[in-house]
Amino acid sequence: MENGLVNALKNYAADAAAKLMLTDFDKLADIGKVLLRAKAEDRTVFLMGNGGSAATASHVTNDLVKGCRVGDTPGFRAFCLSDSNALVTCLANDFCYAEIYAILLQTYARPGDIVIAFSGSGNSPNIIQGLTAARKMGLTTIGFGGRDGGQMKALCDFMLIAPTDSMELLEDLHLVYFHNLVCAMRPALAARVSSQEG
């Protein structure tokens, strides 16, 4: 029993490492370039997801705001749309759950802003409605998905699909992707600060 558990743990880790190296890193770099341009243009980044993906969106917001801070220079202006329980439950109760992100984007976002959606299935109605509203508003849409990308694939200007059908593993990879992005973007962010100070 004990060896079986150890083997299962090792197999998961090995699968995660192998799937990570199948990532389309060119596409991940393209997303990084979009974010760096958004920072230079003082755009706002909005993030959204459901369940574990909502937790990822919240965590990534922290990485963009704090993790991308260089010295005394602020990081990205980023907001997780699922972070306010009071606001999300209000909108879900008074309208419907499928409309929560669309309503929030229509309230807060401006043309040229960025919206990042995390979804394992890519078919959550509130993600689809949120991305649809974003495109109508002139926002740049970025998706982190899994499996076949679902319906959100067609609504994203940039879409990175974790190469796995496992919900647990694709959620792991989404967080690895963003930690990777934050570390990779820091030199460019620091260089921009240095050029402004010089």
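What follows is a walk through this structure, from a central strand out to the core, the aromatic rings and a few odd residues. Keep in mind that the model is predicted.

Let's start with strand β1, which covers residues 44–48. How many of its residues are buried? Five of five, so the strand is mostly covered, given that buried means under 20% relative accessible area. The side chains split between two directions: Thr44, Phe46 and Met48 point one way, while Val45 and Leu47 point the other way, and all are buried.

Strand β1 has partners too. With β2 (residues 77–80) it runs parallel, joined by four bridges, and here Thr44 stands opposite Arg77. With β3 (residues 114–118) it is again parallel, and again four bridges do the joining; in this pairing Val45 faces Ile114. To get from β1 to β2, bring in helix α3 (residues 52–67): β1, α3 and β2 together make up a β-α-β unit, and its hand is right-handed.

While you are looking at α3, pick out Thr56, which sits in that helix. Thr56 has a relative accessible area of 8%, so it counts as buried. Which residues does Thr56 touch, once neighbours within four places in sequence are set aside? The contacts are Phe118, Glu171, His174 and Leu175.

Now for the nonpolar interior. In general, nonpolar side chains in soluble globular proteins tend to be buried together. The largest nonpolar core here has 33 residues, and the ones with the most contacts inside it are Leu64, Ile116, Phe144 and Phe178. Elements giving two or more residues to this core are α2, β1, α3, β2, β3, β4, β5 and α7. Which of them supplies the largest share? That is α7, with 10 residues. There is also a second, separate core of 23 residues, with Met48, Ile127, Met137 and Met152 among its members.

Phe178 is a handy place to zoom in on the largest core. Beyond its neighbours within four places in sequence, Phe178 is in contact with Leu35, Val60, Leu64, Ile116, Phe118 and Phe144. Two of the names in that list come back when you look at rings: Phe118, Phe144 and Phe178 form one aromatic cluster. Across the whole structure, a search turns up four aromatic pairs. In the pair of Phe144 and Phe178, the ring centres are 5.6 Å apart and the planes meet at 55°, so the pair is tilted. Phe144 belongs to strand β4 (residues 140–146) and Phe178 to helix α7, so this pair ties together parts that are 34 residues apart in sequence. Both Phe144 and Phe178 are buried.

Helix α7, residues 167–197, has an outward-facing resident as well: Glu168 is placed in it. Is Glu168 buried or exposed? Its relative accessibility is 51%, so Glu168 counts as exposed. Measure C-alpha to C-alpha and Glu168 is 10.0 Å from Ala16, although the two are 152 residues apart in sequence.

Next, the cysteines. The structure holds zero disulfides. Why is Cys80 left unbonded? The closest cysteine sulfur, in Cys68, is 16 Å from the sulfur of Cys80, which is too far for a bond. Cys80 is also buried, because its relative accessibility is 10%. Cys90 is in no disulfide either, with the nearest cysteine sulfur, that of Cys96, 13 Å away. With a relative accessible area of 36%, Cys90 is partly exposed.

Finally, two backbone oddities. Most residues other than glycine have a negative phi. Asp42 has a positive phi of about 60° although it is not a glycine, and it lies in the loop between α2 (25–40) and β1, which brings us back to the strand where the tour began. Arg147 is another non-glycine residue with a positive phi, near 55°. Arg147 lies in the loop between β4 and β5 (158–162), and its relative accessible area of 38% makes it partly exposed.

Technical notes: Residues numbered from 1 in each chain as written. Predicted model: local features only at pLDDT ≥ 70, side-chain atom pairs only at ≥ 80, totals over all residues. Heavy atoms only, no water. Buried < 20%, exposed > 50% of the residue type's maximum accessible area, 1.4 Å probe, protein only. Pairing = 2+ DSSP bridges. Right-handed = clockwise from strand over helix to strand, strands pointing away. Disulfide = S-S within 2.5 Å. Phe/Tyr/Trp six-rings, centres within 6.5 Å; stacked < 30°, edge-to-face > 60°. Core = buried A, V, L, I, M, F, W, Y, C linked by side-chain atoms within 4.5 Å. Contact = heavy atoms within 4.5 Å.
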